[in-house]
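Hi,

Here's the structure I promised to send over. Have a look at it first, and then read on for what turned up.

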Amino acid sequence: MNKEWHEIPNLKSLVVVRNLVKHYPYRGGPLGRVRGWKHAVDGVSFDIREGETLGLAGESGSGKTTIGLCILDLIKPTSGSIQFDGRDMASLGREASKDIRREMQIIFENPHASLNPRMRVVDIVSEGLFIHRPDSPGAYRETALEMLRKVGIDRHLADRYPGAFSSGQQQRICIARALALQPRFVVADEPVSALDASIQASILNLLGDLQSELGLSLLFIAHDLRVIEHVADRVAVLYLGKIVEIARRQTIFSHPLHPYTRALLSAVPALPQGSKNQRILLSGETPSALDPPQGCRFHTRCPIAVHHCSIEEPSLISVNGDHRVSCWLVDGSHSG
Ligand code: SF4
């Protein structure tokens with residue numbers, strides 16, 4: 001599935017995210033008063049270009065899913081802006097918003113939970129057509145059958161219920177449902193995490209083939225860097241709601257610069273392009289998003305932190321073209 005950068009035919013940005021912030025209220029006590037704010041996403045900026053896959057990597061709780069849901073307009077950002085194909089999502093009217101939703105779809109982690117067990121799979125796949133394309137009802141079934149064929153589900157199985165399928169087949173049905181409306185952009189949120197390792201590769205290959213065939217842009221969310229390595233053109237690494245490094249896949253996996261990226265990669269066994277050899281063990285737990293550390297958010301666990309790291313937050317700066325890193329020691333301006 002991997003494409004070299006120069007093979008991506010069109011580098012126009014389809015999704016533009018700028019200074020995205022999402023804070024959730026934390027409530028407690030008998031009256032449910034707001035006791036604090038969870039800083040799920042805290043000033044994130046990136047683009048997703050037409051036809052590319054941006055991999056979003058990071059531990060559980062780093063803000064990956066929140067970013068995906070904000071882009072899809074399923075939750076409202078606290079601040080910041082999101083543009084889709086040049087249109088500001090926050091200023092869209094109801095009709096324009098509905099149109100744009102048709103162009104964006106999501107594939108969830110757990111296929112079993114995201115399929116209605118009382119609907120036939122052909123109806124599940126064609127459901128979005130009823131909502132978004134009410135002008136051509138006669139074509140729904142054929143469109144759904146064709147999408148099912150594309151994902152490897154034979155038409156003679158189309159009138160069965162989800163429970164008759166394996167988890168890998170169920171995820172194929174979810175992919176068919178997401179692609180039936182011919183979206184331009186898909187958020188794939190840990191789409192293979194709930195599947196057996198033996199099935200993961202076939203689902204990833206299917207997604208890659210469909211992406212190439214349909215010219216999709218993908219935001220691929222995963223905590224497993226082996227999966228990211230398999231699918232992404234570029235990779236953004238997230239820590240406690242902030243991007244700490246973003247670069248082309250080859251660069252991230254062969255020349256990671258941020259200490260957190262290096263630690264994540266060092267924990268992955270047998271990466272084909274693995275840069276690491278020595279395991280980097282991080283001390284302590286990830287701090288709470290309710291009270292993130294001052295300065296660099298990673299300084300409480302960073303093996304090379306210096307005094308300045310706890311005082312001032314580093315910016316995400318370009319070190320080489322598309323390769324951007326947020327670390328005082330990478331630009332060499334603070335060594336102690
Ligand atoms: Fe580590 Fe300091 Fe760099 Fe943060 S800024 S990653 S604490 S060296």
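Gln182 counts as exposed, since its relative accessibility of 59% is over the 50% cut-off. You'll find Gln182 in the loop that runs between helix H6 (167-179) and strand E7 (185-189). Keep in mind that this is a predicted model. What caught my eye is the backbone: phi of Gln182 is near 55°, so a positive value in a residue other than glycine. Most residues other than glycine have a negative phi.

Asp85 does a similar thing in its own loop: phi is positive there too, about 50°, and Asp85 is not a glycine either. The loop in question sits between strand E4 (79-84) and strand E5 (87-88). Is Asp85 buried, partly exposed or exposed? Partly exposed: its relative accessible area is 24%, which falls between the 20% and 50% cut-offs.

Back to helix H6, which also holds Leu179. With 2% relative accessibility, Leu179 counts as buried, because buried means under 20%. Setting aside neighbours within four places in sequence, Leu179 is in contact with Met147, Val186, Leu210, Leu214 and Leu216. Ser45 is another matter: 134 residues away along the chain, its C-alpha is separated from that of Leu179 by 27 Å.

A few other helix residues, in case you want to click through them:

- Thr66 belongs to helix H1 (residues 64-71) and is buried, at a relative accessible area of 11%. Beyond its neighbours within four places in sequence, Thr66 has contacts with Lys22, Tyr24, Ala40, Val41 and Ile75.
- Glu229 is part of helix H8 (residues 225-231). Glu229 is buried, with a relative accessible area of just 7%. From Glu229 to Ala40 it is 25 Å, C-alpha to C-alpha, and 189 residues in sequence.
- Gln250 sits in helix H9 (residues 249-254) and counts as buried at 16% relative accessibility. Gln250 and Arg234 are 16 residues apart in sequence, and their C-alpha atoms are 8.1 Å apart in space.

Now the ligand, which I guess you'll want to look at. Where does the ligand sit? In the largest cavity. How many residues surround the ligand? There are 13, and the closest are Cys296, Cys302, Cys309, Cys327 and Trp328. By class, eleven residues of that shell are nonpolar and two are polar, while none is charged. The four cysteines and the tryptophan named above go into the nonpolar class here.

Zooming out, the protein has ten helices and twelve strands. Its radius of gyration is 21 Å, close to the 20 Å that the globule rule gives for 336 residues, so the protein is as compact as a globular protein of that length. The C-alpha trace spans about 70 × 50 × 40 Å along its principal axes. Of the 336 residues, 49% are buried. As for how the chain comes together, take the contacts between residues at least 6 apart in sequence: 65% of these join residues at least 24 apart.

If you only have a minute, start with the ligand in the largest cavity, then go to the positive phi values of Gln182 and Asp85.

Cheers

How values were computed
Residues numbered from 1 in each chain as written. Predicted model: local features only at pLDDT ≥ 70, side-chain atom pairs only at ≥ 80, totals over all residues. Heavy atoms only, no water. Near = heavy atom within 4 Å. 1 Å grid on protein atoms, 1.4 Å probe; cavity = no way out; pocket = protein on both sides within 12 Å on 5 of 7 lines; lining within 4 Å. Sits in = over half its atoms within 2 Å of the grid points. Helix = DSSP H or I, 4+ residues; strand = E, 2+ residues; numbered from the N terminus. Rg over C-alpha atoms; globule rule 2.2 N^0.38 Å. Buried < 20%, exposed > 50% of the residue type's maximum accessible area, 1.4 Å probe, protein only. Contact = heavy atoms within 4.5 Å.
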